[in-house]
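Student: Could you take me through the inside of this protein? I'd like a close look at what packs there, and at any empty space it holds.

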Amino acid sequence: MTFTQECVIPVERERLWDFLMDVPNVGRCVPGVETIEAVDGNAYKGGLKVQVGPIRLWLEGTLIIEEGDRNAWRARMRAEANDRRLGGGIRARLSLTLAPAEAGTRVQIDTDLAVLGKIGEFGQPLIKRKADALLAEFARNLRSALAA
């Protein structure tokens, strides 16, 4: 499943880019992230607790920054995570683009998401609603972190 999400963060693009490329800092803004640590230069491992519908997931996996082009204000990432308890997981390719906006910087995230195993039984509309709710909370947390 593919979807695009957007939000506007009221800071200049340069400052937002620097913050977003610091994965452990960003991890503190993502709802449900319990752990995150660097594995090497562009690879990180971590854990995320999230509830989708009536089911609670504990996803453990990796995030790899495949491209970070400050001149184009674009980054590409790949994430893979599994929930051992339920026997399912996710595979995602994300593209992040920053553009000027009237009130700061527009963040656009394009996601190509594969949901595997039992987790895939939730259905696309439920997963999309959860992704939208997570982005809204992430944007609030990001605004707060950058205001500090």
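Tutor: Sure. A nonpolar core here is a set of buried Ala, Val, Leu, Ile, Met, Phe, Trp, Tyr and Cys residues joined through side-chain atoms within 4.5 Å. Keep in mind that this is a predicted model.

With that in hand, the largest nonpolar core has 26 residues, and I9, L16, L20, V107 and L142 are the ones with the most contacts inside it. Plenty of elements chip in: at least two residues each come from β1 (2-9), α1 (13-20), α2 (23-27), β4 (55-69), β5 (74-83), β6 (88-101), β7 (104-117) and α3 (124-147). The largest share belongs to α3, which gives five residues.

Now zoom in on L142. Skipping its neighbours within four places in sequence, L142 is in contact with I9, L16, F19, L20 and C29. There's also a second, separate core of 13 residues, with V52, L59, I90 and I119 among them.

Next stop, W17, which sits in helix α1. Its relative accessible area is 5%, so W17 counts as buried, the cut-off being under 20%. Leaving out residues up to four places away in sequence, W17 touches G68, D69, R70, W73, R74, A75 and L98. K130 is another matter: 113 residues along the chain from W17, its C-alpha atom is separated from that of W17 by 25 Å.

What about the cysteines? A search of the whole structure turns up zero disulfides. For C7, the closest cysteine sulfur is in C29, and the two sulfurs are 11 Å apart; a disulfide needs them within 2.5 Å, so that is too far for a bond. C29, likewise, is in no disulfide, with the sulfur of C7 as its nearest cysteine sulfur. C7 is buried, at a relative accessible area of 11%, and C29 is buried too, at 4%.

Finally, the empty space. The structure holds one cavity of 30 Å³ or more, and about 1,200 Å³ of space lies in the largest cavity. Its lining is made up of 47 residues, and V30, L48, A79, I90 and L94 lie nearest the centre. I90 is a name you've met already, since it is one of the residues in the second core. Sorted by class, the lining has 34 nonpolar residues, nine polar ones and four charged ones.

Note on methods: Residues are numbered from 1 along each chain as its sequence is written. This is a predicted model: local features need pLDDT of at least 70, side-chain atom pairs count only at pLDDT 80 or more; totals for chains, interfaces and linings use all residues. Side-chain values use heavy atoms; hydrogens and water are left out. Buried means under 20% relative accessible area, exposed over 50%, partly exposed in between (1.4 Å probe, protein chains only). Helices (H or I, at least four residues) and strands (E, at least two) are DSSP runs, numbered from the N terminus. Contact means heavy atoms within 4.5 Å. On a 1 Å grid over the protein atoms alone, a cavity is a set of points where a 1.4 Å probe fits but cannot get out, and a pocket is an open set with protein on both sides within 12 Å along at least five of seven lines; lining residues have an atom within 4 Å of a point. Grid points are joined across faces, edges and corners, and a volume is the space filled by probe spheres set on the points. Ala, Val, Leu, Ile, Met, Phe, Trp, Tyr, Cys and Pro count as nonpolar, Asp, Glu, Lys and Arg as charged, and the others, Gly among them, as polar.
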